[in-house]
Amino acid sequence: MPKKVIAIVGPKGGVGKSTISANLAIAIAATGKKTIAVDLDLGGANLHVILGIRNYTYSLDDFVLKNIKTLGEALIVTEVPNLRLICGGSKIPDIANMPFQQKLKLIGHMLKLDCDVVIIDLAAGSSYNVVDFLFIAQTGLLVTTPEVTSLMKAYGFIKSAIFRLLTFHFKARHTERLMALMEMAKDTDANPNLNTIEKFLKEAEKIDMEIANSARKKIERFTPSFVINMVQSTRDVNTGAVIQNLVKHYTNIEAKVMQSLPNDEAVKRALFKTKPVMLCEPMSPFAIGIKELAYKCTRED
Ligand SMILES: Nc1ncnc2c1ncn2[C@@H]1O[C@H](COP(=O)(O)OP(=O)(O)O)[C@@H](O)[C@H]1O
Ligand SMILES: [Mg+2]
């Protein structure tokens, strides 16, 4: 059973989730921890490409299609000591459309893998199937770039995660009226009076004070960590504060900014050589940032 699961999420494509997953996995493996990287971006699986792996026998496809019995059979040994990989598939529907039971089975097998750390590279999007992986992970890293579109989508992701938390909370307590209020809050255009989590909770209190209060506590305990990637100008340096303010204003939760990573030509050069940047340019600014992130993610283990 892994001691730690790290989920790399990010609602926008092309922000660097896979690049960060692959290099973070290498950096953690280098500290001696038995690490497994899992590519759950089923439509656009490319973790193996970033890690420079050309051939493999089994992938997640084979697990889902029952060609193999256990997820462990899809493990691929990499050239990096302590690092193994499970490749994403391309024949099965993407994770957003994976049936619930199948997702549960996948999670069950993932939590039985024999290693210290599992790193999950997820597909873009804010669907519940993606968001749910945040809740099985001890560390969820939300990757964004300083671009406004990426930041807005990151905020949308947090909101989606909070609604998911509330769904579990309200369903367990069989409260139809709060579920109905939450459905209204999802449509902020039609219901601007519910457009922040605080406003929603104030309305929820009127329906059931006790459940609204316990929901508030649950939300307060949810502290997602941001990784800001492709930082280039001095203006970008403020991105962390911008995102923290945005999240605080609408949800009242304190987001953490775990790491800023520079836009670095070394990443492109590495891709060209089909070798991870952590291996071919370990002293590049991006690789150094990833090592810092690896330390922060695992220091208390
Ligand atoms: N810090 C960075 N500096 C320069 N290029 C980067 C950086 N991070 C990612 N890239 C490049 O951006 C592109 C998208 O990255 P990728 O990891 O595939 O994103 P995602 O998994 O979020 O879709 C790739 O070409 C990658 O090499
Ligand atoms: Mg990707």
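**Strand 4 and the nonpolar core**

Strand 3 (residues 75-77) pairs with strand 4 in the antiparallel sense over three bridges, where two strands count as paired if DSSP finds at least two bridges between them, and where strands are DSSP runs (E, at least two residues) and helices likewise (H or I, at least four residues), each numbered from the N terminus. This is a predicted model, in which local features need pLDDT of at least 70 and side-chain atom pairs count only at pLDDT 80 or more, while totals for chains, interfaces and linings use all residues. Residues are numbered from 1 along each chain as its sequence is written, and chains are lettered from A and ligands numbered from 1 in the order in which they are written.

Within this pair of strands, V77 has R84 of strand 4 as its bridge partner, and the two strands form a hairpin with five residues between them, where N82 in the turn has a positive phi of about 75°. Strand 4 (residues 83-86) sends L83 and L85 one way and R84 and I86 the other, and all of these are buried, that is, 20 or more other C-beta atoms, placed from the backbone, lie within 10 Å of their own. Strand 4 also pairs with strand 2 (residues 35-40), in the parallel sense over four bridges, and there I36 stands opposite R84.

The largest nonpolar core (buried Ala, Val, Leu, Ile, Met, Phe, Trp, Tyr and Cys residues joined through C-beta atoms within 7 Å) has 89 residues, and I8, I120 and L122 have the most contacts inside it. Its largest share, nine residues, comes from helix 6 (residues 148-172).

Key
A residue is buried if 20 or more other C-beta atoms lie within 10 Å of its own, exposed if 12 or fewer, and partly exposed in between; C-beta atoms are placed from the backbone.
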